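Here is a small set of exercises to work through with the viewer open. Try each task on your own before you read its solution.

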Amino acid sequence: MENNQINNINDEKKYNPLKDASFWVAFVLSGGPITILLISKGFYFDPPIILNTVFMLSWILWIIFRKGKKWSFFIGFIFALIVTAVAFYPILQLKENQDSKKIQKISEEINKNQDELIKKIMSQSDDDPAKESRNAKRASDIKMIADALMLYYNDAGKFPKEITSGSKISFNNTTYMNTVPSDPTPGRSEYGYRSFNNNFYSLSFKLEGDYLNLKDGLNIIIPDINAKASQFYTAIDTDKDGLYDKEEEAYGTNINNKDTDGDGYADLSELGNGFDPNKKQP
Ligand SMILES: [Ca+2]
Ligand SMILES: [Ca+2]
Ligand SMILES: [Ca+2]
């Protein structure tokens, strides 16, 4: 009895918690390393971490207070299991929640993108049928006018000087078109007909966006009297003199020179006034 007491007193005096395996086991089992790891990952103020830290410190202090008495380890072990469960179950839950939040965020993102895509498609399909049908009407109007003009040419041996929308295209007693149509959007861009000699004309029209193989913007149709056909082209005016390249090709002027013959009168102005743009005016 006396010996035991003396041993105990000696043990108590010599007790160093860092040399006591139960201290380290307590540290590990109470989640010390995991807590430190989680804190290093930024989980500073999560309640489970605070809770676990408090439990862990309490237990370690208790072991130190009990000075390594063996049974303190077993009580501590059960304590540690409870603490670990209490501390880390919520962390696992938290992690799961974060994962499911992440998944939720991703699916929200996908939904948002889908919504935007659908909106985009909807707005296009809201808009496009009207644009498409206007473009379809333009292309079909122009083709019908060109066909009527070709029939006119076959009979008259020339193209008309001008055509007027709302009026007919006729020669002698033959009518080739009852009513020359106009652009479906009034005032936007009229169909532009002009002919500076008997064998050629150009008819321009403006599209709203690409249509079939025609490009957005200004296009023209011109005749090919040898083939008795008409051909669509994008309206390009390289030298910006108001005459499209296809017209300049037909009238023999330079697509890169506003005043082909260099007489001070522009190509278009000469054609419009009945002069020869390829011969200097006196
Ligand atoms: Ca030109
Ligand atoms: Ca020119
Ligand atoms: Ca000229």
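## Exercise 1: A tyrosine in a strand

Tyrosine 233 has its place in strand β6. The model is a predicted one, in which local features need pLDDT of at least 70 and side-chain atom pairs count only at pLDDT 80 or more, while totals for chains, interfaces and linings use all residues. Residues are numbered from 1 along each chain as its sequence is written, and chains are lettered from A and ligands numbered from 1 in the order in which they are written. Strands (E, at least two residues) and helices (H or I, at least four) are DSSP runs, numbered from the N terminus.

**Task.** Find out how tyrosine 233 counts in terms of exposure, and which residues tyrosine 233 touches.

**Solution.** Start with the burial scale: a residue is buried if 20 or more other C-beta atoms lie within 10 Å of its own, exposed if 12 or fewer, and partly exposed in between, with C-beta atoms placed from the backbone. Tyrosine 233 counts as partly exposed because it has 16 C-beta neighbours inside 10 Å.

Next, look for contacts (C-beta atoms, placed from the backbone, within 7 Å). Leaving out residues up to four places away in sequence, tyrosine 233 touches Asn219, Ile220, Ile222 and Lys246.

Finally, check a C-alpha distance: tyrosine 233 and isoleucine 221 are 6.1 Å apart in space and 12 residues apart in sequence.

## Exercise 2: The open sheet

**Task.** Work out the strand order of the open sheet of 4 strands, and then its edges.

**Solution.** Begin with the general picture: strands of a sheet pair through backbone hydrogen bonds, either parallel or antiparallel. Here two strands pair if DSSP finds at least two bridges between them.

The open sheet has the order β3-β4-β5-β6, with antiparallel pairing. Its edge strands are β3 (192-197) and β6 (229-234), each of which pairs on one side only. On average, neighbouring strands of this sheet are turned by 25 degrees against each other, direction ignored; the axes behind such angles are lines fitted to C-alpha atoms, for helices over the stretch in contact, and angles run from 0 to 180 degrees between N-to-C directions.

Now go through the pairs. β3 and β4 are antiparallel over 4 bridges, and a hairpin joins them through 2 residues. Asparagine 197 has phenylalanine 200 in β4 as its bridge partner. β4 and β5 are antiparallel over 5 bridges. Leucine 203 is the bridge partner of isoleucine 221 in β5, and phenylalanine 205 stands opposite asparagine 219 in β5.

## Exercise 3: The nonpolar core

**Task.** Which elements each supply at least two residues of the largest nonpolar core?

**Solution.** First fix the term: a nonpolar core is a set of buried Ala, Val, Leu, Ile, Met, Phe, Trp, Tyr and Cys residues joined through C-beta atoms within 7 Å. The largest one has 19 residues, and Leu149, Tyr152 and Leu203 have the most contacts inside it.

The elements that each supply at least two of its residues are α5 (70-156), β4 (200-207), β5 (217-224) and α7 (267-272). The largest share, 6 residues, comes from α5.

Then zoom in on leucine 203. Among the residues that leucine 203 touches, not counting those up to four places away in sequence, are Ile142, Ile145, Ala146, Tyr191 and Ile220. Its strand, β4, is mostly covered, with 6 of its 8 residues buried.

## Exercise 4: Positive phi in the loops

**Task.** Where does leucine 212 lie, and where does lysine 228 lie?

**Solution.** Recall the background: most residues other than glycine have a negative phi.

Leucine 212 has a positive phi of about 50 degrees although it is not a glycine. Leucine 212 lies in the loop between β4 and β5, and counts as exposed because it has 10 C-beta neighbours inside 10 Å.

Lysine 228 also has a positive phi, near 50 degrees. Lysine 228 lies in the loop between β5 and β6. With 11 other C-beta atoms within 10 Å, lysine 228 is exposed.

Close with the hairpin of β1 and β2, which has 2 residues between the strands: there, asparagine 172 takes a positive phi near 50 degrees.

Key
Two residues are in contact if their C-beta atoms, placed from the backbone, lie within 7 Å.
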